[in-house]
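Q: Can you walk me through this model? I'd like to start with burial and then move on to sheets, the interface and charges.
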Amino acid sequence: MLTFRVAIRALAKNKMRAGLTILGVVIGIAAVTTMVSIGQSASQMVQSQFEMLGTNVIVVRPASRRSGGVQIAGMPSLTARDVEAIRTECPSVMAATAMVRAGGQVIYGNTNWSPSEMWGVGPDYLTVRNWPLRHGGFFTERDVSSAAKVCVIGQTLVRELFQTSDPLGQTIRIANIPFEVIGVLEPKGVNLFGQEQDNIVLMPYTTVRKRLQGSEFDHVHLAMVSARSMQQMSDAQNEITHLLLERHRIHPGEPADFEVQNTDEFARVLGMITGTMTMLLASIAGISLIVGGVGIMNIMLVSVTERTREIGIRMAVGARPKDILRQFLIEAVLLSCIGGLIGFALGVAASTGLTMLINTLSSGSEWQVVISVPAGIIAFLFAAAVGIFFGYYPARRASRLDPIESLRYE
Amino acid sequence: MLLSMHRFACDERDEARISMALIELRDIRKIYDLGEVQVEALRGVSLDIHQGEHLALVGPSGSGKSTLMNMVGCLDRPTSGSYRLADEEVGNLTADRRARIRNRRIGFVFQNFNLLARTSALENVELPLLYAASVSARERRRRAIAMLERVGLGDRLGHHPGQLSGGQQQRVAIARALINEPSLLMGDEPTGNLDSRTSREVIELFQRLNEDNGITVILVTHDPEIARNAKRIIALRDGVIVQDTPDIDLAWSSLHSQEQEVEP
Ligand SMILES: Nc1ncnc2c1ncn2[C@@H]1O[C@H](COP(=O)(O)OP(=O)(O)OP(=O)(O)O)[C@@H](O)[C@H]1O
Ligand SMILES: [Mg+2]
């Protein structure tokens with residue numbers, strides 16, 4: 001196309017001006033690219049964390065019963081027998097464990113330590129969480145029924161209490177009750193929220209109920225269930241819901257006194273949140289792109305004034321208004337596309353650098369650099385759109401100049 | 001030395017109309033509205049110009065010569081009156097159509113050359129072809145080189161205007177005006193910025209184009225020696241034609257005598 005060549009020549013005549021013009025777009029596109037890339041890294045991080053958690057996990061928790069908007073106070077409604085029923089009666093369920101929250105300090109010798117998590121769980125816990133043991137064994141059904149004083153500890157406790165010595169068979173004290181360490185968990189690292197997961201002590205849930213809390217009730221805080229496969233997730237959810245409705249004698253139409261959630265839903269919500277964050281960051285960066293576009297318009301306007309004579313000469317030898325319009329528009333689009341490409345390259349470099357920085361600053365996190373090709377294409381198209389949008393007004397001004405007045409322009 | 005120009009391929013339609021007027025101006029008026037005052041640059045100009053004529057437009061400064069030239073060159077439009085170019089009413093045409101006429105039929109040479117700065121002679125001469133319908137890059141180049149050779153600048157193709165003398169720049173401008181083989185060549189004081197020897201060369205060039213190629217030539221000049229080359233002299237004064245004659249001395253004296261009448 002002819003005007004294309006004309007535009008390229010005109011740009012080449014003033015490289016300095018061209019460079020200054022694209023600066024805004026370069027920065028804008030670089031910012032958008034970086035923000036989107038970082039946002040996508042974050043979402044990917046969330047995804048992989050959920051995969052680590054086990055994707056076919058269903059969480060059942062008691063819900064306070066509501067009646068006409070009035071909350072009825074009372075005992076949590078989920079019992080260990082419910083969990084046992086889920087485990088044995090639901091065909092799509094592979095494993096289920098009751099979970100009872102505990103707290104307190106752990107003492108070994110003259111060292112004490114506060115684990116961030118202390119749970120009473122069932123023998124299925126490791127299966128549900130997909131969490132292997134490093135040493136020793138886990139508690140059995142018999143330990144549960146006898147409320148045995150045994151525990152399994154995470155790597156943080158091994159490090160803090162035992163340093164180099166072997167914790168297996170040692171006795172630690174929790175609330176002045178001696179517990180034998182029968183197993184050590186594999187390290188799991190930090191979770192999504194940056195919390196350490198290895199600072200944990202597990203005991204039979206019966207032990208927590210009876211010995212730590214002195215309670216005879218078998219209510220549990222929640223149950224974690226894993227389905228036989230990803231495909232059976234919704235079946236398992238339905239089976240659990242029906243079973244519990246029946247067991248709790250809840251009639252159709254009445255609100256349930258429990259919630260059945262799967263981690264996928266949670267992941268979806270979190271994904272939505274990170275997605276929204278990405279959008280937000282990208283739109284803030286987008287504002288800088290618009291500022292860049294205004295910069296293009298500004299310099300194009302100056303350039304039209306500065307090049308009035310050139311426009312007059314072109315018109316005098318036969319350029320039609322639309323030829324002039326096209327030339328300036330193509331110049332603007334070329335500039336912003338070049339700016340877009342440079343900006344994209346800078347953005348890729350910046351997000352790579354930032355990801356590396358995040359990984360060094362927070363040890364243990366393994367962010368991946370995500371450069372999406374669609375994002376690049378969109379950035380490019382957006383830059384072109386900015387060029388057209390902000391180039392149109394100056395180009396139109398140029399095309400509407402009067403040939404004689406332009407020739408006379410000093 | 002300047003020219004050994006061959007006959008331009010004249011537009012067939014132009015040849016058919018050789019007998020009728022190429023340019024017909026009827027009661028052309030041009031008023032510049034400056035808000036408080038209105039300047040009447042042309043006050044009823046009527047004129048017929050035929051294909052192949054060689055005209056000189058003379059008159060004191062401010063008499064409206066440039067205004068008339070720009071009008072005839074389709075760069076500007078009259079405030080009122082009729083302008084027919086090759087039997088077409090130009091006043092009614094769209095900006096696009098007028099651009100096309102400037103591109104195809106008219107070559108315009110300015111006093112201050114009006115070349116694109118920092119652009120080679122070759123590219124300057126190619127410029128009108130860029131806006132003409134489908135001429136290939138190779139063809140554009142070939143024709144521009146040939147045209148520059150004809151005006152004696154075959155060895156200056158890559159020079160920018162800043163690297164050329166005034167006479168050379170004006171010859172580039174003439175080559176540019178001729179590249180589309182126009183039937184009408186106009187010069188608004190084309191030698192105004194040139195020394196007398198260079199002026200003579202440029203004027204000879206115009207004369208050749210008129211005599212050998214049948215191109216209609218209209219020149220504005222202040223120089224009676226240059227006007228003498230033309231076959232018809234139009235004297236303009238205060239926006240009206242005061243003399244239309246082949247006799248330069250008559251034209252000159254009419255300008256003079258009226259001048260004396262006006263200032264007693
Ligand atoms: N753009 C304009 N705005 C206002 N007045 C103008 C404009 N152009 C020309 N004029 C006026 O119109 C009149 C004729 O101007 P024009 O340029 O045609 O004169 P000219 O004969 O070419 O003079 P010169 O020999 O000095 O070039 C002058 O009085 C001038 O002031
Ligand atoms: Mg003038």
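A: A definition to begin: buried means under 20% relative accessible area, exposed means over 50%, and partly exposed is in between, with a 1.4 Å probe and protein chains only. This is a predicted model, where local features need pLDDT of at least 70, side-chain atom pairs count only at pLDDT 80 or more, and totals for chains, interfaces and linings use all residues. Residues are numbered from 1 along each chain as its sequence is written, chains are lettered from A and ligands numbered from 1 in the order in which they are written, and side-chain values use heavy atoms, with hydrogens and water left out.

Q: OK. What share of chain B is buried?
A: Buried residues account for 53% of its 264 residues.

Q: And how many helices and strands does chain B have?
A: Chain B has 9 helices and 10 strands. Both are DSSP runs numbered from the N terminus: helices are H or I with at least four residues, strands are E with at least two.

Q: Is strand β3 of chain B enclosed or open?
A: Enclosed, largely. β3(B) covers residues 54-58, and 5 of the 5 are buried, so the rest of the structure largely encloses this strand. Both faces are covered. His54(B), Ala56(B) and Val58(B) are buried on one side, Leu55(B) and Leu57(B) on the other.

Q: Which strands pair with it?
A: Pairing here takes at least two DSSP bridges between two strands. β3(B) runs parallel to β8(B), residues 216-220, over 4 bridges. Leu57(B) sits opposite Val220(B) there. Another 4 bridges join β3(B) to β9(B), residues 232-237, also in parallel. In that pair Val58(B) faces Ala235(B).

Q: Switching sheets. What is the strand order in the open one in chain B?
A: β2-β1-β4-β5, with antiparallel pairing. β2 (38-50) and β5 (88-89) are at the edges with a single partner each, so one side of each has no neighbour in the sheet.

Q: How many bridges hold β1(B) and β2(B) together?
A: 10 bridges, in the antiparallel sense, with β1(B) spanning residues 21-33. Tyr32(B) is opposite Val39(B). Helix α2 (residues 65-72) of chain B packs on this sheet, touching β1, β2 and β4 (80-85). Contact means heavy atoms within 4.5 Å. The α2 direction makes about 125° with that of β1(B). Axes are lines fitted to C-alpha atoms, for helices over the stretch in contact, and angles run from 0 to 180 degrees between N-to-C directions.

Q: What about the turn between β1(B) and β2(B)?
A: The two strands form a hairpin with 4 residues between them. Gly35(B) in the turn has a positive phi of about 85°.

Q: New topic. How much area do chain A and chain B bury between them?
A: About 2200 Å², 55% of it on carbon and sulfur atoms. Buried area is the accessible area (1.4 Å probe) that two parts lose on being put together, summed over both. The contact takes 23 residues from chain A and 25 from chain B.

Q: How many salt bridges cross that interface?
A: The rule finds 2. A salt bridge is a side-chain nitrogen of Lys or Arg within 4 Å of a carboxyl oxygen of Asp or Glu. One joins Arg9(A) and Glu123(B), at 3.2 Å from N to O.

Q: Where does Glu310(A) sit, and what does it touch?
A: In helix α10 of chain A. Glu310(A) is buried at 16% relative accessible area. Leaving aside neighbours within four places in sequence, Glu310(A) contacts Gln327(A) and Leu116(B). The helix spans residues 308-316, and 8 of its 9 residues are buried, so it is largely enclosed by the rest of the structure.

Q: Back to charges. How many salt bridges are there over all chains?
A: 31. One of them pairs Glu53(B) with Arg232(B), with the closest N and O atoms 2.9 Å apart. Glu53(B) is in the loop between β2 and β3 and Arg232(B) is in β9, so the pair ties together parts 179 residues apart in sequence.

Q: Are those two buried or exposed?
A: Buried: Glu53(B) at 19%, Arg232(B) at 15%.

Q: What about Asp212(B) and Arg208(B)?
A: Their side chains meet in a salt bridge, 3.9 Å from N to O. Asp212(B) is partly exposed at 41%, and so is Arg208(B) at 36%.
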